[in-house]
Amino acid sequence: MIEVGILILALFSYVFWDKGYRKNHGIQIPPGFEETKEATIDPKTGKRLRVYFNPATGARFYYEEVNPKNI
């Protein structure tokens with residue numbers, strides 16, 4: 001029974017994390033976001049994403065780099 005609960009929790013966690021991540025990325029940087037040195041490769045699309053941070057809200061935005069700089 002515990003294993004089923006852990007599996008359900010893991011599935012819900014993944015679904016909610018994925019939605020939060022997907023809604024916070026794109027090709028137009030919103031106002032108030034500052035570039036960070038952090039970058040990642042999206043495992044689903046293979047695109048390089050630069051992380052931007054909004055110090056007022058603590059939100060992160062993943063900018064899809066068209067011509068990526070060296071990391």
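## Salt bridges at a glance

A search of the whole of this predicted model turns up four salt bridges. As general background, side chains of opposite charge can pair when their charged atoms come close. Before looking at each pair, here is a short tour of the chain that holds them.

## Fold and confidence

The chain contains one helix and four strands, and along the sequence they follow the pattern α-β-β-β-β. Of its 71 residues, 18% count as buried. Among contacts with a separation of 6 or more, 30% are between residues 24 or more positions apart.

A word on confidence will help you decide how to use the coordinates. The average pLDDT of the chain is 78, and 72% of the residues score at least 70. Among the elements, strand E2 (residues 34-41) has the highest mean pLDDT, 92, while helix H1 (residues 2-23) has the lowest, 65. Where pLDDT is low, the predicted coordinates should not be read in detail.

## Two antiparallel hairpins

Let us start with E2 and E3, which pair in the antiparallel sense over five bridges. Ile41 has Arg48 of E3 as its bridge partner. The hairpin of these strands has six residues between them, and Gly46 takes a positive phi near 80 degrees.

Strand E3 (residues 48-53) also pairs with strand E4 (residues 60-64), again antiparallel and over five bridges. Here the bridge partner of Leu49 is Glu64 in E4. E3 and E4 form a hairpin with six residues between them, and in its turn Gly58 has a positive phi of about 80 degrees.

## The network around Arg50

Which residues are linked with Arg50 in a network of salt bridges? They are Glu35 and Glu65. On the Glu35 side, the side chains of Arg50 and Glu35 meet in a salt bridge with an N to O distance of 3.8 Å. This pair links distant parts of the chain, with Arg50 in strand E3 and Glu35 in strand E2, 15 residues apart. Arg50 has a relative accessible area of 4%, so it counts as buried, since the cut-off for buried is under 20%. Glu35, at 39% relative accessibility, counts as partly exposed.

The other partner, Glu65, is found in the segment after E4. Its side chain makes a polar contact with the side chain of Arg50 at 2.9 Å. Leaving aside neighbours within four places in sequence, Glu65 is in contact with Arg48 and Arg50. Is Glu65 buried or exposed? At 10% relative accessibility, Glu65 counts as buried.

## Two further charged pairs

Glu38 and Arg60 form a salt bridge whose closest N and O atoms are 2.9 Å apart. Because Glu38 lies in strand E2 and Arg60 in strand E4, this pair ties together parts that are 22 residues apart in sequence. Glu38 has a relative accessible area of 38% and is partly exposed; Arg60, at 31% relative accessibility, counts as partly exposed too.

Lys47 forms a salt bridge with Glu64, and the closest N and O atoms are 3.3 Å apart. Why does this pair tie together parts that are 17 residues apart in sequence? Lys47 lies in the loop between E2 and E3, whereas Glu64 lies in strand E4. Lys47 counts as partly exposed, at 40% relative accessibility. Glu64 is also the residue of E4 that serves as bridge partner of Leu49.

## An aromatic pair across E3 and E4

The structure holds two aromatic pairs. One of them is formed by Tyr52 and Tyr63, in an edge-to-face arrangement with 5.8 Å centre to centre and 80 degrees between the planes. Tyr52 in strand E3 and Tyr63 in strand E4 are 11 residues apart, and the pair links these distant parts of the chain. Tyr52 counts as buried, because its relative accessibility is 10% and the cut-off for buried is under 20%.

How values were computed
Residues numbered from 1 in each chain as written. Heavy atoms only, no water. pLDDT = per-residue confidence, 0-100. Pairing = 2+ DSSP bridges. Buried < 20%, exposed > 50% of the residue type's maximum accessible area, 1.4 Å probe, protein only. Phe/Tyr/Trp six-rings, centres within 6.5 Å; stacked < 30°, edge-to-face > 60°. Polar contact = N/O pair within 3.5 Å; in protein donor to acceptor, adjacent residues only side chain to side chain. Contact = heavy atoms within 4.5 Å.
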